[in-house]
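Here are my notes on this model, set out point by point. I hope they help as you look through it.

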Amino acid sequence: MSAHPPAQDDPTPRSPFADSADSATDGGSGTPSLENGADRLEPPATPYGNPFSPPGTPGRESYVGAATPDAAASRPLLPDDPSRRASDVPLNPGAGAESEAFMGSEKVVYPVDVNPDHLRRRKRYIYLGVGAAALVVVVLAVILPVYFTVIKKHNNSSVGGASGSRAGSGGSASNPESPTGAVTGGDGSTITMADGTSFTYTNAFGGFWVDDPRDPFNNSARAQSFTPALNEPWDYSKDQIRGVNLGGWLVLEPFIAPALFEKYQNVTPSPALPGGNVVDEWSLSVAMLNDTSPGGGIEQIENHYATFITEQDFAQIAGAGLNWIRLPIPYWAIETWPGEPFLEHAAWKYVLLAFKWARKYGLRIYLELHTVPGSQNGYNHSGRLGPVNFLNGFMGIANAQRTMDYIRYIAEFISQKEYQDVVQMFGIINEPLLGIIGRDQLTRFYLQAHDMIRGITGIGKGAYIVIHDGFQGTGSWKDFLPGSDRIILDTHPYVAFGGDFNHPLSYWPQVGCIAYNNNQSQSDFGITLSGEFSGAINDCGKWVQNIGGKSSAPDCDQWNDWQNWTQDMKTGIKNFIMSQMDGMHMPGYFFWTWKVGNSSVTGKVEAPFWSYQLGLENGWVPTDPREALGLCQSLGFAQNVPWNGTYQSWQTGGAGAGTIAATAVASFSQYPPPEISNVSGEDPAQLPVYTATSAVPTLPTPTFSAATVTGGDGWADAADTSLAAVQIAGCVYPNAWGPQPGSTAAVCGAATAAAPAARAEATPAPVPAFATAA
């Protein structure tokens with residue numbers, strides 16, 4: 001998520017449609033208006049400005065234009081009928097052996113046993129006999145896939161050595177995950193978690209879980225009947241990603257986990273916390289480390305890891321019709337360096353649990369490095385609120401060296417055969433602030449990372465590499481590194497940080513349908529997805545604009561009081577969410593975020609727009625995300641830039657992949673970059689660097705008491721024997737998180753690095769990093 005420091009906000013709020021019509025009021029009722037025809041916008045004459053780009057960054061070309069006819073069924077949802085259920089609405093026309101749903105150029109074919117029509121509630125005028133026959137079809141549609149996909153197919157599909165031949169409630173009672181010892185189960189089955197508590201698995205979409213302690217790498221689970229099982233290929237041109245983020249779990253954000261931060265507001269100032277301000281995970285960690293009272297200590301963070309997201313959340317995600325998870329992780333899951341206060345190593349245990357639970361419930365993972373040393377964007381979710389010190393400033397190259405190491409360790413781990421079916425995307429850096437770092441510098445880093453990762457996996461193998469658009473809009477990435485092997489572009493469209501909120505609810509669906517559509521980039525770049533989006537139509541919510549920041553929307557009291565939202569308010573937010581799901585439906589999207597924790601002050605969620613789970617429970621998130629398909633067409637916002645449904649072969653690992661165009665190689669192969677910003681004219685060749693002379697940290701692998709296989713050794717490529725970067729012995733380095741005045745001398749240049757001394761213990765920075773104000 002991208003909450004900008006106030007200094008970087010555009011002082012003049014702009015609409016996502018640039019020059020918009022005058023906003024309309026709701027007639028003074030005090031309730032946001034759902035309907036206002038006067039607020040319907042004409043296509044803008046100026047480019048769409050990215051709502052969260054720093055001032056002066058180029059705008060993205062608007063996708064507004066002539067509508068393209070669409071054969072999808074029309075399902076107007078404005079206004080909503082409180083008695084209406086998703087099951088009353090057919091998702092696709094037609095019947096017979098196969099039925100088809102069309103979305104522009106997309107054609108989705110549903111086999112008869114997973115036809116969404118089978119999930120629909122029968123109308124009262126249908127004869128009882130027809131209803132009974134339909135029930136039989138539904139039962140068979142659930143049971144037969146379980147048999148043929150899990151029981152019969154598994155003997156030839158599993159990575160592990162033990163065969164999974166048991167199904168339903170049969171089998172040995174030795175399975176700790178189920179009181180019956182079941183290796184698989186569907187809707188209504190009982191799950192017993194590691195702590196002994198149980199829950200009922202609810203999945204109305206024909207999904208089933210698979211778990212066998214003797215064969216822990218069984219990849220036969222299926223999240224829904226319409227989603228490929230983990231051991232089946234994913235086709236990015238046909239299969240739709242319906243995903244959700246697990247934000248705030250392993251990388252803390254104040255508005256997602258407010259209770260942790262509320263405890264340490266206005267603490268006694270100290271050298272480690274000047275002003276007593278806890279605003280990010282860095283300062284929170286310092287405050288916890290200094291808290292020796294009962295219940296204090298940094299172990300509170302691991303307690304959050306253990307309780308905020310559990311196995312039941314993964315089961316609920318599959319049951320909500322979602323099929324992918326975006327999992328943000330911190331670099332301190334691997335290690336920290338002296339002066340960094342973060343909780344070291346602990347998060348990795350929960351990364352492994354996420355892999356296990358995703359495998360069990362048939363969910364694919366987009367693993368994403370959310371933080372890097374020095375901060376890639378200066379936002380609180382990078383670990384520390386403050387300056388950008390990745391590929392920028394005096395320690396920019398050194399911090400990039402550490403970052404490349406962490407990318408390498410993660411790539412080695414997830415490229416093991418045991419994890420390839422689960423972790424199918426790897427985002428190497430979340431939201432780097434390109435406007436400060438520079439496109440040339442970031443492109444050079446991406447080229448290095450691409451070559452390093454594909455050296456580990458081989459061409460056409462391993463997870464897709466994901467890069468973020470750097471808040472420059474997707475259009476600026478056209479023709480990026482042609483001939484590279486499977487790079488995905490990720491964009492994060494948000495209304496909440498644009499400042500233009502004065503619109504009725506009927507305005508927002510056109511933003512999701514038109515401004516946030518990725519079809520143009522699908523043609524210009526290749527696979528382009530929305531890794532984050534939300535239901536927020538303004539910046540309301542406690543600490544959404546950082547601790548100490550204030551929301552600029554005028555009606556936040558009303559929007560924060562989600563328990564008293566009217567049906568019109570819920571319908572308006574639901575339509576905005578669904579408009580984005582529809583507009584971004586190929587290749588797909590990830591909602592930010594699955595869960596927002598309760599405030600310790602009020603005992604309730606204080607940022608309701610951002611919680612998928614809360615919206616699901618209270619009616620402003622669809623119970624079936626497929627319900628969104630066709631919404632834009634039904635509202636008159638058809639996709640005016642259709643995508644033809646195909647990628648170039650090299651973009652998906654086919655012919656030409658791994659042979660990057662010679663012009664791109666010539667332009668960007670020099671590394672480190674020949675220029676670095678904000679170094680007072682210093683020669684980049686003389687900036688501080690590290691030396692690769694240290695042993696590589698080991699990422700622990702899971703252990704299994706009853707299995708006949710192991711969890712690998714954490715390293716996919718035995719030929720990769722490079723060492724890890726460390727400080728050069730005898731050198732004194734500036735503070736990696738922002739050199740202080742007078743401590744920016746480049747005292748450890750490339751000449752020294754050319755002949756490094758034997759490894760010594762890292763020399764602490766002159767000023768301890770955690771004692772420096774952001």
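**Notes on the barrel, the cores and the disulfides**

1. Let me start with one pairing: glycine 243 sits opposite tryptophan 324 of β8. Please keep in mind that this is a predicted model. Glycine 243 also faces phenylalanine 590 in β14. Strands β7 and β8 are parallel and share three bridges, while β7 (residues 241-245) and β14 (residues 588-591) are parallel and joined by four bridges.

2. Those pairings belong to a closed barrel of eight strands, in the order β7-β8-β9-β10-β11-β12-β13-β14, with parallel pairing. On average, neighbouring strands of this sheet are turned by 25 degrees against each other, direction ignored.

3. Two helices deserve a look against the sheet. Helix α6 (residues 346-361) packs on it, touching β8 (324-329), β9 (364-369) and β10 (423-427), and its direction makes about 160 degrees with that of β9. Helix α9 (residues 439-457) lies across β10, β11 (464-468) and β12 (487-491), at about 165 degrees to β11.

4. How is β8 placed in the structure, and how many of its residues are buried? Six of the six are buried, so β8 is largely enclosed by the rest of the structure. Trp324, Arg326 and Pro328 point one way, and Ile325, Leu327 and Ile329 the other. In general, side chains in a regular strand alternate between the two faces of the sheet.

5. On its other pairing, β8 runs parallel to β9 and is joined to it by six bridges. Proline 328 has glutamate 368 in β9 as its bridge partner. Together, β8, α6 and β9 make a right-handed β-α-β unit.

6. Two residues of β8 also turn up in the cores. Leu327 is among the residues with the most contacts inside the largest nonpolar core, which has 176 residues; Trp249 and Phe355 are also among them. Trp324 belongs to a second, separate core of 15 residues, which also includes Val466, Ile527 and Leu529.

7. There are two disulfides, with the pattern 1-4, 2-3 when bonded cysteines are counted along the chain. Cysteine 513 is joined to cysteine 632, S to S 2.0 Å. Cysteine 513 lies in helix α10 (residues 508-515) and cysteine 632 in helix α15 (residues 631-634), so this pair ties together parts 119 residues apart in sequence. The torsion about the S-S bond is about -90 degrees, so this disulfide is left-handed.

8. The other link, between cysteine 540 and cysteine 556, has its sulfur atoms 2.1 Å apart. With -85 degrees about the S-S bond, the link is left-handed. Cysteine 540 is buried at 1% relative accessibility, and cysteine 556 is buried at 12%.

Key: Residues numbered from 1 in each chain as written. Predicted model: local features only at pLDDT ≥ 70, side-chain atom pairs only at ≥ 80, totals over all residues. Heavy atoms only, no water. Pairing = 2+ DSSP bridges. Helix = DSSP H or I, 4+ residues; strand = E, 2+ residues; numbered from the N terminus. Axes fitted to C-alpha atoms, helices over the stretch in contact; angles between N-to-C directions. Contact = heavy atoms within 4.5 Å. Buried < 20%, exposed > 50% of the residue type's maximum accessible area, 1.4 Å probe, protein only. Right-handed = clockwise from strand over helix to strand, strands pointing away. Core = buried A, V, L, I, M, F, W, Y, C linked by side-chain atoms within 4.5 Å. Disulfide = S-S within 2.5 Å.
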